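Me: Hi! I'm new to reading protein structures. Could you walk me through this one?

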There are 2 protein chains.
Amino acid sequence: MGARLEKTARRAKAACRPLSALETDRKNKALTAMARAVRSDAARILAANAKDLKAFKGADTARGRLALDPVKLSAIAASIENIAGLPDPVGRLISETVRPNGLRIRKVGVPIGAILIIYESRPNVTADCMALCLKSGNSVILKGGSEAVHSNRALYAALARAAAAEGVPAGAFGFIDAVGAGARRAVPLLLKMDQWIDLVIPRGGEGLIREVARLSRIPVIKHFKGVCHVYVDKDADLRKAAAIVLNAKVQNPAVCNAAEALLVHRDIADRFLPRIEKELTAKGVIIRRDKKAWGQEFLDLILAVRVVKDVNEAIDHIETYGSRHSDAIVTENAQTAKTFKDAVDSSCVFVNCSTRFNDGGEFGMGAEMGISTDKLHVRGPMGLEELTSYKYVVEGDGQIRQ
Amino acid sequence: MGARLEKTARRAKAACRPLSALETDRKNKALTAMARAVRSDAARILAANAKDLKAFKGADTARGRLALDPVKLSAIAASIENIAGLPDPVGRLISETVRPNGLRIRKVGVPIGAILIIYESRPNVTADCMALCLKSGNSVILKGGSEAVHSNRALYAALARAAAAEGVPAGAFGFIDAVGAGARRAVPLLLKMDQWIDLVIPRGGEGLIREVARLSRIPVIKHFKGVCHVYVDKDADLRKAAAIVLNAKVQNPAVCNAAEALLVHRDIADRFLPRIEKELTAKGVIIRRDKKAWGQEFLDLILAVRVVKDVNEAIDHIETYGSRHSDAIVTENAQTAKTFKDAVDSSCVFVNCSTRFNDGGEFGMGAEMGISTDKLHVRGPMGLEELTSYKYVVEGDGQIRQ
């Protein structure tokens, strides 16, 4: 198996140079063809998905992530077409300066190289990653979950075939087609191949991500978990506060930017808490007032609630129990908002809006490759630009250094 | 020893939050005081340096890097003052967008956190790193070479004292004061402290850097070596070409952006090579025409020379034997220059100028923390902005996600 994995990694590396030179037009044509292939192969993909669903033994929420249907397939195709319409991040001018000696220094976007994506359940990740990596000039190696192997295989086959017919270099897309014990053995081997793979992006539960971070010799971009807070200040507009807390908790509780904890200023706790708890309970949310709930990522209709004495105690709580993902304040007081914005060191800090907005689509980036809480390279949503590096191009007319 | 190192790392981490909140004025006042302290402590620092030099048994070039004198000390003080004059990268607005739903999204600079610098010989690195990290709101742990321990200790004492008197938080500057076997044991221990240290920057020879990259659990920004090329095309202005080759090789052969190889188009080899070889030889440069010289980092007055059949062979040579650091083309042909600029994937690609310009000062960044050939986070010179990450600050008026 090691030899087969190594071959896939070598091919991904070899594809980097032709991929980085691929013209925007050709990439967009290939993406359009890939979207078409998802639609024309729909029956085959759904049949493969049915096989996965039949074998699946997990919980209902996980089954929901795995399941495809014609509407979801259509959304997958539309997402690929959307990526075709976004600006090409390769070769984009990031900045330009002319030095006193006449040198013109341009900073331009270049692909990162070969990217390994390790993910669980959701088959749409297969299509999103292939489309985002192609557009950003990177090769990609896909290692999906065993539970979705038939779905991923069918999606991959359709997309790779369509791309190849449009002249995308072989090796642009690698697929680790192992299941069970074989799949579990593959990951540690891949994570040591730092001579061919430039970046690893794990997407899934905290366990998977910690394991990848621990084993990898290749740089990893990640977030372990999303323990997101909403702090309702004494100067909050309580109507806005209620709408934001409700949205952040219940609109999609299974995702990383959903709120897991509500902090309420003590001066308004008596007015605000009964009202919001009633609204939350009506939506099926369980309120937890105990300390053990602090710092937990429930990914479910559960909310930790704490009364704090002021914004500073809220900031300290977020620093101690948060995960530096997405944290919000609701206040009409500009000074309090500033204190919070300056002090909270999360990938996204929100004022008077829902934590659910930490998302590539909501930021106007188009599709995203996940969200990072790291502080190197990318923080927050990872869109096309975040999938590139840069180089400096320095042009002169014979200048030498004094 | 482990306990002492852990204490230093914990203090560096604890200093991150107060440091990130330090106002620009206060940082600049502290930097000005630090520059003053270098001048007022000059006698003590030079006496410490004399001790290091007395014990030093290495080569003359290495001794040159270790040696301080009043002129060098004055340059160190001036460099700190220069950093005081640069814009504060913390809190700077990187980009701003307003979404259709009215959300205002700002991307703002934030410090990375606690940075460990591992370096050899040059005592000026101690001062540069302290000044750059303070200005960028990061805490720093300094692990200098044993051969410079007295010089580093004296510089550190002067700088840390001056900064503390200006209200810089304790823990902003950590100093690993071990020598010999103790120092060698300290590095692997520090490289495992990823709960407190956010980034490692090794500066020194390839051996040191590979060792750090191999042992580190903390992200590392680095370049292993600088194998830089100058390609002289058939359409080159040979006067410019000669000046550039000479400058890239001899102006400072011991540094990473000096040229190690000259590639010459076969159509002009007969005209150009005798002339440039004569000039190089007159400066003491040894010419090596053998294949074994390809890909070597000489850091000395030695130059590999190869005749190539065209720009594509030059590009292939650079891809195979280069280190993705700094590579130049000399040509008056815009199409050939474009081919080279697009295909060569080095941190800096130069057209008609010397590779020696890959430098933070020459780029207008002020002082630099080294040069990266990595493709994640920073590539090329690492100045103040490159020592920061960012966060998104999203402001609304009650928006929730649909």
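Me: In what order do the four strands of the open sheet in chain A come?

Reply: Happy to help! Keep in mind that this is a predicted model. In chain A the order is β5-β4-β3-β6, and the strands pair in parallel. At the edges stand β5 (173–175) and β6 (199–203) of chain A, each with a single partner strand, so one side of each has no neighbour in the sheet. From one strand to the next, the twist averages 20 degrees.

Me: How many bridges join β3 and β4 of chain A?

Reply: Five bridges link β3 (residues 114–119) of chain A to β4 (residues 139–143) of chain A, in the parallel sense. Look for A:Ile115, which stands opposite A:Val140 in β4(A).

Me: Which strands does helix α1 of chain A touch?

Reply: Helix α1 (residues 2–21) of chain A packs on the sheet and touches β3, β4 and β5 of chain A. The direction of α1 makes about 150 degrees with that of β4(A).

Me: Now the two chains. How is chain B laid on chain A?

Reply: The general idea is that two copies of a chain are related by a rotation about an axis and a shift along it. Here, a turn of 180 degrees with a shift of 0.0 Å along the axis lays chain B on chain A with an RMSD of 0.0 Å. That is the relation of a two-fold axis. Among the residues of chain B, B:His377 comes closest to the rotation axis, its C-alpha being at 1.8 Å.

Me: Why do the copies meet through the same surface?

Reply: Because 100% of the interface residues of chain B are also interface residues in chain A.

Conventions
Residues are numbered from 1 along each chain as its sequence is written. Chains are lettered from A and ligands numbered from 1 in the order in which they are written. This is a predicted model: local features need pLDDT of at least 70, side-chain atom pairs count only at pLDDT 80 or more; totals for chains, interfaces and linings use all residues. Copies are superposed by least squares on the C-alpha atoms of residues with pLDDT of at least 70 in both. Two residues are in contact if their C-beta atoms, placed from the backbone, lie within 7 Å. Two strands pair if DSSP finds at least two bridges between them. Helices (H or I, at least four residues) and strands (E, at least two) are DSSP runs, numbered from the N terminus. Axes are lines fitted to C-alpha atoms, for helices over the stretch in contact, and angles run from 0 to 180 degrees between N-to-C directions.
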